[in-house]
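Trainee: I would like to go through this structure with you. Can we take the terms one at a time?

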Amino acid sequence: MIHLDEVSLRATVQDGGRGAHLRAGVPHAGAADPLAFRAAQALAGNAPGDAALEIIGLPFAFHCDDARLVAVTGREVSLRARDELPGWVSVFVRAGQTVTVLGTERTRFAYLAVSGGLATPPLLGSRSAYPAAGLGAVLRAGGALPLGAPRAEASAAGRTVAFTYGGTVAAMAGPHADRFGAEALAAFFGSPFRVLPDSDRQGVRLAGPSVAPREGEILTCGVVAGAVQVPRGGQPIVLLADHQTTGGYPVIATVVEADLGRVAQAAPGEELLFERVGREEALRRGAAARALLPAYQYP
Amino acid sequence: MTARIRAFGERALLVELGEAFDEALVARARALADAWEALRHGPAVPAYASTLLCFDPERLAPDAAERLVPGLLARAAAAPSRESALVEIPTRYDGPDLADVAARSGLSVDELVAAHSGRDYTAYFLGFLPGFAYCGRLDPRIVAPRLERPRERVPAGAVAVADGQTAVYPLASPGGWRLIGRTDLVLFDPAADPPARIGAGDRVRFVPR
């Protein structure tokens with residue numbers, strides 16, 4: 001078991017998401033910052049589909065009943081066990097040892113992966129929490145979760161992933177780019193957008209120059225995480241993991257998966273600059289991001 | 001129009017089958033989603049006149065995904081429509097917008113209830129909320145534009161109408177449709193298989209209680 005000793009705001013179980021029930025209107029869920037999630041899993045010796053904790057609000061403290069390899073990732077995270085350690089490093093913690101996950105005022109999502117993964121019962125094919133529909137729960141301090149059999153040993157400690165959150169956000173135009181004028185597209189890909197405080201796991205709301213579509217609404221269609229919806233008012237919203245499965249606003253651009261974490265982790269008041277890329281470049285960046293991860297290997 | 005295939009990021013395609021609402025397109029979008037999911041490359045989300053096809057570009061290159069679409073469209077056109085279930089929704093017509101919708105429509109409340117419950121609807125697709133089925137068409141006499149200011153909280157079980165369609169809110173949520181009744185039927189149960197009481201393509205009938 002892993003025991004949750006301190007929960008500052010919100011912690012949930014997330015995994016690769018619940019893609020199999022999109023047609024029933026069930027949001028995909030899963031990690032808001034997919035790359036940080038995958039890095040934590042790889043560092044802990046887990047598979048990408050295993051379950052880990054997504055933590056909003058730090059500090060967060062835990063201990064495990066037995067010795068485990070763990071990893072913490074996210075923006076500007078660190079941990080404190082016997083010593084202070086940086087995030088994005090695999091760490092071997094002893095049975096019963098209390099570990100505290102720390103962040104800064106810029107940290108939005110932290111991921112804690114434990115070797116063996118969280119062994120909570122899957123619902124509709126996934127362990128990802130979507131509490132609004134009765135799928136999983138928001139975890140409380142004092143709670144405990146079952147763990148799978150450990151897959152990595154002490155010798156796997158000290159591995160790192162080098163990842164930074166700076167830089168532009170790569171996005172492909174469309175699918176509804178033709179609903180927007182050339183000016184709106186130029187403004188979207190050429191101006192900074194400020195992150196608004198009412199952003200959450202459903203989406204990141206932005207403020208900047210108006211990029212309003214020529215025509216208001218579209219026939220509702222299926223949408224993906226990373227879609228940049230533009231309501232009539234012209235202020236974009238970037239959809240994240242808990243987004244609704246369908247949407248009725250034109251989508252001016254779609255953030256590539258490799259840069260979704262940059263959007264998810266942006267703190268209110270920070271600015272994002274979108275860079276237009278084609279599909280080949282989007283694929284290249286995805287491959288480059290995955291190449292940062294240690295090769296996943298079962299023992 | 002012929003289908004238009006658009007990239008939706010590097011991990012999905014949006015196949016647009018038309019630009020306006022049409023029941024035949026809704027059925028075609030659903031058949032395309034079935035054909036895509038049968039290939040097991042990833043999930044699909046059908047809507048009014050489009051189908052979102054999701055895939056993992058590490059396993060299936062996007063241009064290879066695009067090349068699959070014409071064959072799937074041909075298969076979808078030929079596919080027999082699936083047997084559709086009839087879902088009966090026991091409804092108490094006592095919603096907060098009932099009298100207003102009746103007045104807008106130039107109907108008495110009894111006439112509105114008779115018009116709403118007097119026909120079977122088709123569930124076009126699910127979206128917005130888990131288990132939320134967009135159903136139509138409403139009797140054209142029922143006039144119900146979306147609320148200008150959506151409610152912050154619509155209770156679970158609310159029976160609603162808007163713009164020629166009707167639906168039941170499976171969960172409490174913000175919402176902009178007009179509320180004419182309510183049901184105790186559970187529309188979304190995460191422990192059930194399938195979790196949504198109404199499936200896309202089902203027939204839906206509201207039964208006054």
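Trainee: Into which domains is chain B divided?

Mentor: Domain 1 spans 4-78 and domain 2 spans 86-208. The bounds come from an automatic or database domain assignment. This is a predicted model; local features need pLDDT of at least 70, side-chain atom pairs count only at pLDDT 80 or more, and totals for chains, interfaces and linings use all residues. Residues are numbered from 1 along each chain as its sequence is written, and chains are lettered from A and ligands numbered from 1 in the order in which they are written.

Trainee: What is the mean pLDDT of chain B?

Mentor: It is 95, and 98% of the residues of chain B reach 70 or more. pLDDT is the predictor's confidence in each residue, from 0 to 100.

Trainee: How many residues of each domain of chain B take part in their contact?

Mentor: Six from domain 1 and six from domain 2. Contact means C-beta atoms, placed from the backbone, within 7 Å. The C-alpha centres of the two domains lie 28 Å apart.

Trainee: What makes A:Y111 a contact of A:A40?

Mentor: The 7 Å rule again. A:A40 also contacts A:A52 and A:L112, among others.

Trainee: Why do 27 residues on the side of chain B that touches chain A count as nonpolar?

Mentor: Because each is Ala, Val, Leu, Ile, Met, Phe, Trp, Tyr, Cys or Pro. Asp, Glu, Lys and Arg count as charged, and the others, Gly among them, as polar. That side also has five polar and three charged residues. In total, 35 residues of chain B contact 33 of chain A.

Notes:
Two residues are in contact if their C-beta atoms, placed from the backbone, lie within 7 Å. Lists of a residue's contacts leave out its neighbours within four places in sequence.
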